[in-house]
Amino acid sequence: MNEVRPETREYLDGLFTPGLRIGGDAHTPYSWIEIAEVQGVTAIRLPSGRLVVDSPWNTSRLRELAFRIPPGEYLVDVSWANWPHLSDGYYNEYRQCAATRLRIRDRPVVTWELALGVGEDPALRAAGAGFEAEESMGCFADATAWRGPLTEPFRRHLTDVAAGFGSPGARTGHRGPLRTGP
């Protein structure tokens, strides 16, 4: 696998460094984001050790990573960033998720590598690294749960849209909790 260039590694590590300002232009005020907080948000179980990293809206396929992780429970961290935004001549600050990571080990990261999916060609994948997520949604999951309970609400919604019971850009209009049973 290819090691990430030092400047890219610095950026990836910086996404989880509170107080660090990323981006910016000396001629444009407030053109940066500032990492405000890194928060442990949950733990996920990976009973099979087969990790999927994809958008749950991609219900027809899954992007299972080629490397295997020892089965177990792993912590998920979220990096929150303050983002200044100019609106009506005033700068307002918003907080957004800058990055999410799955902590496989508690030791510091020494190198970052492009994670290949099962059957992916490294030469082709480097040009389009990551996964497609037009809806800005992605997740980590055990491959055994992907086709079942995790993506079932998304598959059901897409089926409803195809049958004319919803619009592609909106949820089905149901105001209560999502149905989890038959």
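Two strands are taken to pair if DSSP finds at least two bridges between them. With that in mind, a good place to enter this predicted model is the contact of strand β3 with strand β6. Four bridges join β3 to β6 (residues 139-142), and the two strands run antiparallel. One of the partnerships is that of Asp 54 with Cys 139, its bridge partner in β6. Within β3, Leu 51 and Val 53 point one way, Val 52 and Asp 54 point the other way, and all of them are buried.

The loop between β2 and β3 (51-54) holds Ser 48. This serine has a relative accessibility of 28%, and therefore counts as partly exposed. Ser 48 also takes part in a contact between separate stretches of the sequence: Ser 48 and Thr 144 are 96 residues apart along the chain, yet their C-alpha atoms are 7.1 Å apart in space.

Stepping back to the whole chain, four helices and six strands are found. Their order along the sequence follows the pattern α-β-β-β-β-β-α-β-α-α. The chain has 182 residues, of which buried residues make up 25%.

The next pairing to visit is that of β4 and β5. Strand β4 covers residues 72-87, and it pairs with β5 (residues 90-103) in the antiparallel sense over 13 bridges. The hairpin formed by β4 and β5 has two residues between the strands, and in it Asp 88 takes a positive phi near 55°. Leu 86, which is found in β4, has Tyr 91 as its bridge partner in β5. These two residues appear together again on the surface, where Tyr 30, Leu 86 and Tyr 91 form a nonpolar patch with about 300 Å² of accessible area together. Leu 86 itself has a relative accessibility of 47%, so it counts as partly exposed.

The β4 and β5 strands also supply the rings of an aromatic pair. A pair of aromatic rings is described by the distance of the centres and the angle of the planes. The structure holds one such pair. It is formed by Trp 83 and Tyr 94, whose rings are tilted, with 5.7 Å from centre to centre and 45° between the planes. The pair links distant parts of the chain, since Trp 83 lies in strand β4 and Tyr 94 in strand β5, eleven residues apart. Trp 83 has a relative accessible area of 31% and is partly exposed. Tyr 94, at 38% relative accessibility, also counts as partly exposed.

Aromatic rings meet charged groups as well. The charged end of Arg 21 sits over the ring of Trp 32, at 3.8 Å from the ring centre. In another such arrangement, the charged end of Arg 101 is placed over the ring of Phe 16, 4.1 Å from its centre.

Charged side chains can be followed further. Side chains of opposite charge can pair when their charged atoms come close. A search of the whole structure finds eight salt bridges. In one of them, the side chains of Arg 21 and Glu 34 meet with an N to O distance of 3.4 Å. Arg 21 belongs to strand β1 (residues 21-25) and Glu 34 to strand β2 (residues 28-46), so this pair ties together parts that are 13 residues apart in sequence. Glu 34 is partly exposed, with a relative accessible area of 23%.

A further salt bridge brings together the side chains of Glu 37 and Arg 95, at 3.2 Å from N to O. Because Glu 37 lies in strand β2 and Arg 95 in strand β5, this pair ties together parts that are 58 residues apart in sequence. Glu 37 has a relative accessible area of 31% and is partly exposed, and Arg 95 counts as partly exposed at 45% relative accessibility.

Arg 68 and Glu 64 also meet through their side chains in a salt bridge, with an N to O distance of 3.0 Å. Its two ends fall into separate accessibility classes: Arg 68, at 45% relative accessibility, counts as partly exposed, whereas Glu 64, at 11%, counts as buried. Finally, salt bridges that share partners join Asp 77, Arg 101, Arg 103 and Asp 106 into one network. Arg 101 is thus met twice in this tour, as a member of that network and as the residue whose charged end sits over the ring of Phe 16.

Key:
Residues numbered from 1 in each chain as written. Predicted model: local features only at pLDDT ≥ 70, side-chain atom pairs only at ≥ 80, totals over all residues. Heavy atoms only, no water. Patch = residues over 30% accessible without salt bridge, like charges linked within 9 Å, V, L, I, M, F, W, Y side chains within 5 Å. Areas by Shrake-Rupley, 256 points an atom, 1.4 Å probe, with all protein chains shown as cover. Salt bridge = Lys/Arg side-chain N within 4 Å of Asp/Glu carboxyl O. Buried < 20%, exposed > 50% of the residue type's maximum accessible area, 1.4 Å probe, protein only. Phe/Tyr/Trp six-rings, centres within 6.5 Å; stacked < 30°, edge-to-face > 60°. Lys NZ or Arg CZ within 6 Å of the ring centre and 35° of its normal.
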